[in-house]
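The following note collects comments on the structure shown below, arranged as numbered points. It addresses selected helices, one strand and several side-chain contacts.

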Amino acid sequence: VPGGGPPGHQVRGEGGAARVGPLAALDVDPPEATWALPEARAAVRHDVPLADEGLANDEDRRGREPRGVPEDEEVDDRSAAPDRPPPAVRRERDAGPGPAEQRRSYRGVQRDAVRAVVRSSVFNGIDCYGIYKGYDGLISDDLVKLNARGVNNIVNKGGTILKSARCPDFMTKEGRVKAKKTLDKHEIDSLVIIGGNGSLTGALLLEEEHGVNVIGIPGTIDNDLIGTRCTLGYDTALNTAVNAIDKIRDTASSHNRLFFIEVMGKGSGHIALNAGIGAGAEEVLIPEQNMGLDRLLDSLNKSEKSGKSSSIIVVSEGEKIGDNVFKFSSYIEKNLPHYEIRVSILGHIQRGGTPTCFDRVLASRMGVFAVDCLKQKKSKIMVGIIDDKMVAVPLKDAIKGGQELDKDLVRVCDIISI
């Protein structure tokens, strides 16, 4: 399990060998349903207190001050959503799961998805829990009860409220047994996982081995999951990349320089292709289209003859940061020594900052739809968006591999970069 986390009915947490994301858990055994949301995705454990806008709880069992609830506001779920069904109408056993995330997840949008899952749960009379640090928190029993007020004022912020962590233990059957015991202890039977391939793989294993209801929300900037046109965080990362390239273009034009700019997208060229078109790059190098060094050299020669004095080349990252971009730049420097070449690696700025409106709306739609699916007793699915409609895709299909690039976009890129 490379990373990730799960969603679900009586909520279970999220975990993974790789970075894990936020989880929402839903408990529907008793007359009052219970949800849980965990989140974990960073390369290291985060044992720091929650941010100011963190999760609210009447009494944090670890002695921390509840965060995110104004002193003059009631913390009780029953007052959190005035227009939701009254307590007597709260859902029973037939409720559903919660969320989790992975390495490439864009954490600002994770907040929006968590917010949507929590508030949709409250609206439907379902108790909801958050799981800190994803699958790691699920194994270590690190849960907190959530309510509508506990996710106030987070829709416009980056970062996570449930934190992220690696969880090698969840890669083992023994670790997943521990996770199941935590869920049983809190009478949680469903999880909502927000994350990428690793998070969703972890969720699928938990369902297959222990019968935990799981629903995945695609959260990764790479946009490489099958069954959805866009993953959460992709649009924000893309706009961040374009904005950065626009600024680099200013200095490239002023000094007649050739810039190689590396963007994220390990194994996937979606960010590079779309950012290249949007920022007017002269060339875009992506893993799906093996351009070759000789063709790149020929293209730059043609650009120079046509009168271009500066150029921007967008490169999708390789297995390791900087691998591809330095390989290409070194080759051009040797063969076109008159070029003044610079390399810029955008790196992790693509994974932070304020989410775009598109991502905020998409996260809200996916969170609500995930709860709807749980209420319909669905499991082992990932929610997605196709033709602007919410869809449910089998998890085993979603994690098979990256979605194909739009061939028309590749053609457009070739035409307009002359």
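Helices here are DSSP runs of H or I with at least four residues, numbered from the N terminus. The model is a predicted one.

1. Helix α7 spans residues 293-305. Its 13 residues reach 19 Å from the first C-alpha to the last, close to the expected 18 Å. The residue G307, which follows α7, has a positive phi, near 110 degrees.

2. The buried residues of α7 are L296, L297, S299, L300 and S303. They lie on the same side of α7 because they cover an arc of only 160 degrees around the axis. The face turned away from this buried side carries the exposed residues D294, K302 and K305.

3. A further residue of α7, R295, forms a salt bridge with D414 (3.9 Å, N to O). This pair links distant parts of the chain, with R295 in α7 and D414 in helix α11 (residues 407-416), 119 residues apart. R295 is partly exposed at 46% relative accessibility, and D414 is partly exposed at 40%.

4. Helix α11 also holds the salt bridge between R411 and D408, whose closest N and O atoms are 3.8 Å apart. The two residues are three places apart in α11, about one turn of the helix. D408 is partly exposed, with a relative accessible area of 44%.

5. Helix α9 (residues 357-375) has 19 residues and reaches 27 Å between its first and last C-alpha, close to the 27 Å expected. Its buried residues include L362, M366, F369 and L374. K377 follows α9 and has a positive phi, near 65 degrees.

6. In the loop between α9 and β12 (381-386), K380 is joined to E207 of helix α4 (residues 197-210), 173 residues apart. Their side chains meet in a salt bridge (3.9 Å, N to O). K380 is partly exposed at 35% relative accessibility, whereas E207 is buried at 16%.

7. Strand β4 (residues 126-132) is largely enclosed by the rest of the structure, because seven of its seven residues are buried. I126, C128, G130 and Y132 point one way from β4, and D127, Y129 and I131 the other way. β4 pairs with β5 in the antiparallel sense over four bridges, and V144 in β5 is the bridge partner of G130.

8. N152 lies in the loop between β5 (143-146) and α3 (173-185). N152 is buried, with a relative accessible area of 12%, and its side chain makes a polar contact with that of R119 (2.6 Å).

How values were computed. Residues are numbered from 1 along each chain as its sequence is written. This is a predicted model: local features need pLDDT of at least 70, side-chain atom pairs count only at pLDDT 80 or more; totals for chains, interfaces and linings use all residues. Side-chain values use heavy atoms; hydrogens and water are left out. The expected span of a helix is 1.5 Å times one less than its number of residues. Buried means under 20% relative accessible area, exposed over 50%, partly exposed in between (1.4 Å probe, protein chains only). The arc is that of the directions from the helix axis to the C-beta atoms. A polar contact is a pair of N or O atoms within 3.5 Å; within protein, one must be able to donate a hydrogen and the other to accept it, and residues adjacent in sequence count only if both atoms are side-chain atoms. Two strands pair if DSSP finds at least two bridges between them. A salt bridge is a side-chain nitrogen of Lys or Arg within 4 Å of a carboxyl oxygen of Asp or Glu.
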